[in-house]
Amino acid sequence: MINTIIIIGVVLLIVLWVVSIYNNMVRLRNNRENAFSNIDVQLKQRYDLVPQLVATVKGYAKHESELLTRVTEARAACMSAKDINGKIEADNALSSALAGLKVSVEAYPDLKANQNFLQLQGELSDIENKLAATRRFFNSATKELNNAVQTFPGNLLAGAFGFHKEPMFEVAPQERAAVEKAPEIQF
């Protein structure tokens with residue numbers, strides 16, 4: 001009788017332990033998905049702003065159509081991405097295209113002084129800052145989930161419940177060299 005009670009108690013403790021680990025991983029996965037939803041909100045604002053910015057620049061930079069086409073195509077790819085990893089990849093391509101647009105704009109002093117352009121550029125800058133903050137939060141949530149999946153005792157159960165290491169939101173490979181290079185300051 002006492003042996004049966006001990007066995008039932010041990011089994012119950014193991015079941016509670018497994019349920020606790022599983023519930024923690026679900027919470028962490030949901031936190032990561034919520035963090036990406038915050039990124040999605042900022043990306044939607046960015047996607048809505050890009051056509052206005054492109055139209056304004058087109059008025060001044062008619063011969064820059066290849067660059068503007070790249071920005072427009074990158075935006076379309078972002079809008080059609082279906083999963084988190086696809087959205088991350090598409091957003092990196094859009095960030096790269098927008099960086100090219102910013103460099104191109106330097107050749108147009110009249111454009112840089114245009115009120116519409118300045119307002120759009122300010123809004124885009126604000127959105128980029130908010131995106132950076134939400135990406136940091138997303139990466140923090142991803143790190144927490146990855147830690148739970150990869151450390152003991154969670155790693156014993158993660159695979160069985162379909163949890164695995166998730167990718168961080170990182171700088172696109174084509175932008176890596178530019179990010180690692182120190183900025184040049186001229187007076």
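Helices (H or I, at least four residues) and strands (E, at least two) are DSSP runs, numbered from the N terminus. The model is predicted: local features need pLDDT of at least 70, side-chain atom pairs count only at pLDDT 80 or more, and totals for chains, interfaces and linings use all residues. Residues are numbered from 1 along each chain as its sequence is written, and side-chain values use heavy atoms, with hydrogens and water left out.

**Exercise 1. Describe the overall make-up of the protein chain: how many helices and strands are there, and what percentage of the residues is buried?**

Step 1. The protein chain contains seven helices and zero strands. Its pattern along the sequence is α-α-α-α-α-α-α.

Step 2. Buried residues (under 20% relative accessible area; exposed is over 50%, partly exposed in between; 1.4 Å probe, protein chains only) make up 35% of the 187 residues.

Step 3. The chain exposes about 11,700 Å², of which carbon and sulfur atoms supply 58%. Accessible areas come from the Shrake-Rupley method with a 1.4 Å probe, and for residues only the protein chains shown count as cover.

Step 4. Contact means heavy atoms within 4.5 Å. Among contacts with a separation of 6 or more, 78% are between residues 24 or more positions apart.

**Exercise 2. Identify the largest nonpolar core and state which element gives the most to this core.**

Step 1. A nonpolar core is a set of buried Ala, Val, Leu, Ile, Met, Phe, Trp, Tyr and Cys residues joined through side-chain atoms within 4.5 Å. In soluble globular proteins, nonpolar side chains tend to be buried together.

Step 2. The largest such core has 32 residues, and those with the most contacts inside it are Phe36, Ile39, Val71, Leu94, Leu98, Leu101 and Phe138. Two or more residues come from each of α1 (2–60), α2 (65–80), α3 (84–105) and α5 (115–150). The most come from α1, with ten residues.

Step 3. Beyond its neighbours within four places in sequence, Phe36 is in contact with Ile84, Lys87, Ile88, Phe138 and Phe169. Apart from the largest core lies another, of ten residues, among them Ile21, Met25, Val26 and Phe163.

Step 4. Leu94 is found in helix α3 and counts as buried because its relative accessibility is 0%. Not counting residues up to four places away in sequence, Leu94 touches Arg46, Tyr47, Val71, Ala74, Arg75 and Cys78. The C-alpha atoms of Leu94 and Ala77, 17 residues apart along the chain, are separated by 8.4 Å.

**Exercise 3. Locate the nonpolar surface patch of about 740 Å² and state which residues make it.**

Step 1. Patches are made of residues with over 30% relative accessible area and no salt bridge; like charges are joined within 9 Å, and nonpolar side chains (Val, Leu, Ile, Met, Phe, Trp, Tyr) within 5 Å.

Step 2. The patch is made by Ile2, Ile6, Val10, Ile14, Trp17, Phe152 and Leu156. Its largest share, five residues, comes from α1.

Step 3. Phe152 is found in the loop between α5 and α6 (154–158). Phe152 counts as exposed because its relative accessible area is 63%.

**Exercise 4. Analyse the salt bridges: how many does the structure hold, and which residues are joined into one network?**

Step 1. A salt bridge is a side-chain nitrogen of Lys or Arg within 4 Å of a carboxyl oxygen of Asp or Glu. The structure holds seven salt bridges.

Step 2. One of them pairs Asp40 with Lys87 (2.9 Å, N to O). This pair links distant parts of the chain, with Asp40 in helix α1 and Lys87 in helix α3, 47 residues apart. Asp40 is partly exposed, at 27% relative accessible area, whereas Lys87 is buried, at 18% relative accessibility.

Step 3. Arg46 forms a salt bridge with Asp91, their closest N and O atoms being 2.3 Å apart. Here too distant parts of the chain are linked: Arg46 lies in helix α1 and Asp91 in helix α3, 45 residues apart. Both Arg46 and Asp91 are buried.

Step 4. Asp126 and Lys130 meet in a salt bridge of 3.3 Å, N to O. They are separated by about one helical turn because they are four residues apart in helix α5. Asp126 is partly exposed, at 38% relative accessibility, and Lys130 is partly exposed at 38%.

Step 5. Salt bridges that share partners join Arg46, Asp91, Glu128 and Arg135 into one network. Glu128 lies in helix α5.
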